[in-house]
Amino acid sequence: MKQYQVTGMSCAACSSRVEKAVLGVPGVTACSVSLLTNSMGVEGSASDDEIIWAVEAAGYGAALKGAQSGNKEDASPAWADAEALKDHETPKLKRRLFLSLPVLLILMYFSMGHMMWHWPAPAVFDNLVFLGLFELLLAMTVMIINGRFLTSGFSSLLHGAPNMDTLVALGSSASFLYSLAELFLMILAQGEGAHETVMKYGMNLYFESAAMIPTLITIGKMLEAMSKGRTTDALKSLMRLAPKTAILLKDGIETEVGIEEVQTGDVFAVRPGEQIPVDGIILKGITAVNESALTGESIPVDKSEGDKVSAATMNQQGYIECRATRVGEDTTLAQIIRTVTDAAATKAPLARIADRVSGIFVPSVMGLAILTMIGWLIAGKPFSFTVARAISVLVISCPCALGLATPVAIMVGSGVGAKNGILYKTAGALEGAGRTEMIALDKTGTVTEGQPQVTDVIPLGRSRDELLRLAVSLEKNSEHPLAKAVTAAAEGLASFEVTHFEALPGNGLHAILNGKELLGGSLKYLTSRGLVTETVIQQADALAEDGKTPLLFAVDGELAGLIAVADPIKQDSAQAIRELQNMGIRTVMLTGDNERTARAISQQAGVDQVVAGVLPEGKVDVIRSLKPLGKVAMVGDGINDAPSLTVADNGIAIGAGTDVAIDAADIVVMKSRLSDVTAAIRLSRATIRNIHQNLFWAFFYNAICIPLAMGLYGIEMKPMYGAAAMALSSFFVCMNALRLNLLNPHDARYDRQEQAISAEAFGAAVSAVKTKQVKTITKTLQVEGMMCEHCEARVRKALEAVPGVESAAADHKAGTAVVTLSMPVADDMLKAAVEAQDYQVTGLG
């Protein structure tokens, strides 16, 4: 989506006009105009010149973002957008207000204070004609100071696109011209000596309204501009984080350069207390990095050689040298800024309602003003009365409140999300997350940590540390994922030196320790050696029921103990799932693991349903089967989750996931924790409530105030009071949106359980996928060497890589792998695929 800066817009009618004009350009497929940021996003093949010409033909100005300056640094997205978001309007409005107020106060003193309440004034002001001429000059001064309303309003009218400025210009000009006509009649009457007629006309002057209307609107616009500026504070604070310089290392010499000079592959240095300039990988050094700018997490993260670092994060401890991997627009910070900016440039579905109304609002109000005037004339009211009612209708109507109701809430909501490590790619994603009724969760890396860890150490007749030392003495020589988990658990403990190490396929490990035989491996292997008692078998089975893989170790013919390894659930997963359920959201966990492991994890996490042994296309089937029941979100982190993230109503990617998953998702949470998913939904719901409040206020205000201004309630409203009401309405909408800044997305105390989909309907939809008959040709392989679910995964992936294999399911306990074929596949190909992973195929049928 190309971004443009648009100038000259003053209300929702303007943005609708610009959007309509650009959508009429051949080649434009989508256009979204943001009144809040005065920006426009355009998709399609139309050229920049064609788009800019269309905007200018509609009476506004446009320029490609980053093209306003020839300075290369200014053209970078962070710098250019920061300048574009800078509040240029408030200083101008303040200057106009400070010039207008003294003149207006003098005018009000004589027109209201002296005339109505007999405040003291020189005798010359007792002459009503002189007083009228004096008011005329003061009103003209104020109108000239605020002439932008007049030029913009009448220009828009001439272009056939009347906007809020048109209403102000018509109201103020009508007051002025009517008063001017009355003043001429007063002069004629005074020349004829008709003092009573002079007095009658003198009471019908509206010069103070002609001046008060633009002044009050200027006050309202200034308050609106100030509050609108605050809605982009989060985005501007992100932009201010962008580093300006970097220290490059070349041939051992440090050179400070501008950030735009850093290229991929350059080596740069970062001292303690300095910002990391670009994304990179640490080549040298150990440190702790504060990543709160990107993730919202204030606790520093330890980093060492080989770890990734991101631009704008703070190096807090050690000196490090890094190689640049992503620079300029590709850095994580730049992508976050672009995501938030794009979200602000897009429109939520709710905004379309306000846009449709805003597009016809101003012409409708102008028509109502004319009808009001005609109606009261027919009713026999004096012409001065009908003019006052028509002017009140013009100046009290407020299309701005309608136009701002959605974008200010979207901008504040996106900013709050960005500060908390939650990125909504579009306004539709921000709105859609709050409407989620069901959520599908990938298991590995989303609900669980995604890496095997030691969960239980059960020594038999020796200490815990001694068992770990024996285990690591064997496992340190193995490349198996479970071996790495055991090695990590024994970190800091000295291992024994062993000889004659041997890995036994399908069984375990064997070595000699000080002349004694040291064994390690599966329950099956050590049972075959006659070393396992019934009690140990029960312990191992209990661990397996919990989704853990028991590893047994023996030395010199005596069992030393058990070590259980599993992919544990994340600390916050169970709590996050409870919070989702408290919001009325049904949960289902999807995994390619076997049924027993999946069932054990689902019980720990507390999900409503689980689907095990499912392939990527199977996940898509689950999502599609749930969509008829309501809105479905999918949470995942891997390449295999990308299809289901795309198919779901809202795809949510865990930040530590693959680039493919992040690209396919609608929402990205920077921290790899499930509680941020609940926070994203909570923030979305709060934003939707805020939008509803704003829209209600905008419609309610106009529904009440327009009839009031027409005089239908028997109240004669002065035009200046209508202008004051109009000025405050937009300010109210902006201030209400700013309340979202007070929201803590992780606070679950105020969660409300919206009407949930019935458990029976949800369960039936999931069961329908489980029982779906997709098998065509099946073959079963007898496989030796699988010890855990990680072995199962290796065998499954190897078989699924064979052409013609639609799916595969491995079971290490049964020692089998069942393949589903979409076409005939030679047995030798299946056997070779498995044995290439160092497992033995003993049978195939």
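**Exercise 1. How many of the residues of strand 24 (residues 632-636) are buried?**

Solution. This is a predicted model, and the strand is read from it residue by residue. Strand 24 is mostly covered, with five of its five residues buried. Taking the two sides in turn, Val632, Met634 and Gly636 are buried on one face, while Ala633 and Val635 are buried on the other, and both faces of strand 24 are thus covered. The next step is to look at the pairing of the strand: strand 15 (residues 438-442) runs parallel to strand 24 and is joined to it by four bridges, with Val635 of strand 24 as the bridge partner of Leu441. Strand 25 (residues 650-654) also runs parallel to strand 24, again with four bridges between the two, and here Met634 has Gly651 in strand 25 as its bridge partner.

**Exercise 2. Determine how helix 8 (residues 164-191) and helix 15 (residues 383-396) pack, and describe the residues of their contact.**

Solution. Two packed helices are described by the angle between their axes and by the distance between those axes. For helix 8 and helix 15 the angle is about 160° and the axes lie 8 Å apart. Because angles over 145 degrees count as roughly antiparallel, helix 8 is roughly antiparallel to helix 15. The crossing in which helix 8 passes helix 15 is left-handed. From helix 8, the contact takes in Leu167, Leu170, Gly171, Ala174, Ser175 and Tyr178, which meet Phe383, Ser384, Val387, Ile391, Leu394 and Val395 of helix 15. Sorted by character, the residues of this contact comprise nine nonpolar and three polar, with no charged residue.

**Exercise 3. Give the strand order of the open sheet that contains strands 9, 10 and 12, and identify the strands at its edges.**

Solution. The three strands follow the order 10-9-12, and their pairing is antiparallel. Strand 10 (301-303) and strand 12 (314-315) each have a single partner strand, so they stand at the edges, and one side of each is left without a neighbour in the sheet. Strand 9 (residues 287-290) pairs with strand 10 in the antiparallel sense over three bridges, and within strand 10 it is Val301 that stands opposite Val289.

**Exercise 4. Work out the same for the open sheet of six strands, and then place Ser310.**

Solution. The strand order is 6-5-7-13-8-11, with antiparallel pairing. Strand 6 (253-258) and strand 11 (308-309), each pairing on one side only, are the edge strands. Strand 5 (residues 245-250) and strand 7 (residues 267-270) are paired in the antiparallel sense over two bridges, and Leu248 stands opposite Phe268 in strand 7. Ser310 lies in the loop between strand 11 and strand 12. Its relative accessibility is 16%, so Ser310 counts as buried. If neighbours within four places in sequence are set aside, Ser310 is in contact with Ile276, Val278, Asp279, Leu294 and Thr332.

**Exercise 5. Is Ala810 buried or exposed, and which residues beyond its sequence neighbours does it contact?**

Solution. Ala810 belongs to strand 28 (residues 805-811). A residue is buried if its relative accessible area is under 20%; Ala810, at 12% relative accessibility, therefore counts as buried. Apart from its neighbours within four places in sequence, Ala810 is in contact with Met786, Glu792, Val795, Thr816 and Ala817. As a last step, one may compare positions along the chain with positions in space: Ala810 and Glu789 are 21 residues apart along the chain, and their C-alpha atoms are separated by 8.5 Å.

Technical notes: Residues numbered from 1 in each chain as written. Predicted model: local features only at pLDDT ≥ 70, side-chain atom pairs only at ≥ 80, totals over all residues. Heavy atoms only, no water. Axes fitted to C-alpha atoms, helices over the stretch in contact; angles between N-to-C directions. Parallel < 35°, antiparallel > 145°, perpendicular 65-115°, else oblique. Left-handed = near helix turned anticlockwise from the far one by under 90°. Contact = heavy atoms within 4.5 Å. Nonpolar A, V, L, I, M, F, W, Y, C, P; charged D, E, K, R; others polar. Pairing = 2+ DSSP bridges. Buried < 20%, exposed > 50% of the residue type's maximum accessible area, 1.4 Å probe, protein only.
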